[in-house]
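Got the viewer open? Here is a short walk through the model, one selection at a time.

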Amino acid sequence: MAITRIITPGVTDDAVTLDKMAPGTDGNLITYDASGNPVAVATGNAGQILTSAGAGAPPTFATAASTNPYTAQSNTESGYIKLVGGVIIQWGLFGTFGIASSGTVTFATTFPSNCWTVVAGLWNNNTNNLYSLVVTRTPSTSQFDWYQNDTGNTGRVGTYIAVGK
């Protein structure tokens, strides 16, 4: 739809009302070009947003940025999710052990710069008492070390959640 400027002598302020305007398409918008002339903005599609490039450029409709809060994920028993902004949350199970043991767990994916924290625990597949499992030193970007002091039971499985960036 083209809009042309009609200069009519004697048109007073507020004399042009909605009922005097030409019909348009539902969703059409009117703006002004760099010369101050009215122009129609092309109608967008469902889900698009109106964006501005600033003075001197007509606004346009664009597809909205993804609202997806993650950029990658691994839907496995030991996996990870990368959030928008770079934060990574990892989780996993490790080992089947008992009788005072220790080891190293390698993360599902390496943290690019820093592992902030690891929370580790024991999963018990029997009815015996649980003992502690601890992270024994500051984790690296790719792994952490653990120790558990259970001296009389077997069938323990370690679990962890790690957060970093």
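In what pattern do the elements follow one another, read along the sequence of the protein? Colour by secondary structure and trace the chain: the pattern is β-β-β-β-β-β-β-β-β-β-β-β. That makes 12 strands and zero helices. Keep in mind as you go that this is a predicted model.

**The whole chain**

Before zooming in, turn on the surface. The accessible surface of the protein comes to about 10800 Å², and 54% of that belongs to carbon and sulfur atoms. Of the 165 residues, 23% count as buried. Now switch to contacts: taking those between residues at least 6 apart in sequence, 57% join residues at least 24 apart.

**Stop 1: a sheet of three strands**

Select β8, β10 and β11. Together they make an open sheet with the order β8-β11-β10, and the pairing is antiparallel. The edge strands are β8 (101–106) and β10 (133–135), each of which pairs on one side only. Look along the sheet and you can follow the twist, which averages 25 degrees from one strand to the next.

Now take the two pairings in turn. How many bridges join β8 to β11? There are six, with the two strands running antiparallel. To find one of them, select Ser101, whose bridge partner in β11 is Gln148.

On to the other pairing. β10 and β11 (residues 143–148) are also antiparallel, here over three bridges. Leave Gln148 selected and add Leu133: Gln148 is the bridge partner of Leu133 in β11. So you can show Gln148 with both partners, Ser101 and Leu133. Next, pick Val134 and look across to β11, where Tyr147 stands opposite. While the side chains are on, a general point helps: in a regular strand they alternate between the two faces of the sheet.

**Stop 2: a salt bridge and the loop beside β10**

Stay in this part of the sequence and select Asp145 and Arg137. They form a salt bridge, with the closest N and O atoms 2.4 Å apart. The count for the model comes to one salt bridge. Is Asp145 buried or exposed? Asp145 is buried, because its relative accessible area is 14%, and the cut-off for buried is under 20%.

Then click on Thr138, in the loop between β10 and β11. Thr138 is exposed, with a relative accessible area of 66%. Draw a distance from Thr138 to Thr117: the two are 21 residues apart along the chain, and their C-alpha atoms are separated by 8.4 Å.

**Stop 3: around β1**

Head back towards the start of the chain and select Asp26, in the segment before β1. Asp26 is exposed, at a relative accessible area of 76%. Thr43 comes 17 residues away along the chain, and 8.2 Å separates the C-alpha atoms of Asp26 and Thr43.

Step into β1 itself (residues 29–32) and pick Thr31. Thr31 counts as buried, because its relative accessible area of 19% is under the 20% cut-off. Which residues is Thr31 in contact with, leaving aside neighbours within four places in sequence? Show Asn37, Pro38, Val39, Val41 and Pro59 as sticks around Thr31, and you have the list.

Now add Tyr32 to the selection, along with Ala55. Ala55 lies in the loop between β3 (48–51) and β4 (60–63). Ala55 is exposed, at 87% relative accessibility. Along the sequence Ala55 and Tyr32 are 23 residues apart, while in space the distance is 9.8 Å, C-alpha to C-alpha.

**Stop 4: a nonpolar patch**

Bring the surface back and colour Ile89, Val119 and Ile161. These residues form a nonpolar patch on the surface, and together they have about 240 Å² of accessible area. To place Ile89 on the cartoon, look in strand β7 (residues 88–97). Ile89 counts as partly exposed, at 30% relative accessibility.

**One last view**

For a closing picture, put the patch residues Ile89, Val119 and Ile161 on the surface, and show the sheet in its order β8-β11-β10 as a cartoon. Add Asp145 and Arg137 as sticks for the salt bridge.

Terms used. Residues numbered from 1 in each chain as written. Predicted model: local features only at pLDDT ≥ 70, side-chain atom pairs only at ≥ 80, totals over all residues. Heavy atoms only, no water. Salt bridge = Lys/Arg side-chain N within 4 Å of Asp/Glu carboxyl O. Buried < 20%, exposed > 50% of the residue type's maximum accessible area, 1.4 Å probe, protein only. Helix = DSSP H or I, 4+ residues; strand = E, 2+ residues; numbered from the N terminus. Contact = heavy atoms within 4.5 Å. Areas by Shrake-Rupley, 256 points an atom, 1.4 Å probe, with all protein chains shown as cover. Pairing = 2+ DSSP bridges. Axes fitted to C-alpha atoms, helices over the stretch in contact; angles between N-to-C directions. Patch = residues over 30% accessible without salt bridge, like charges linked within 9 Å, V, L, I, M, F, W, Y side chains within 5 Å.
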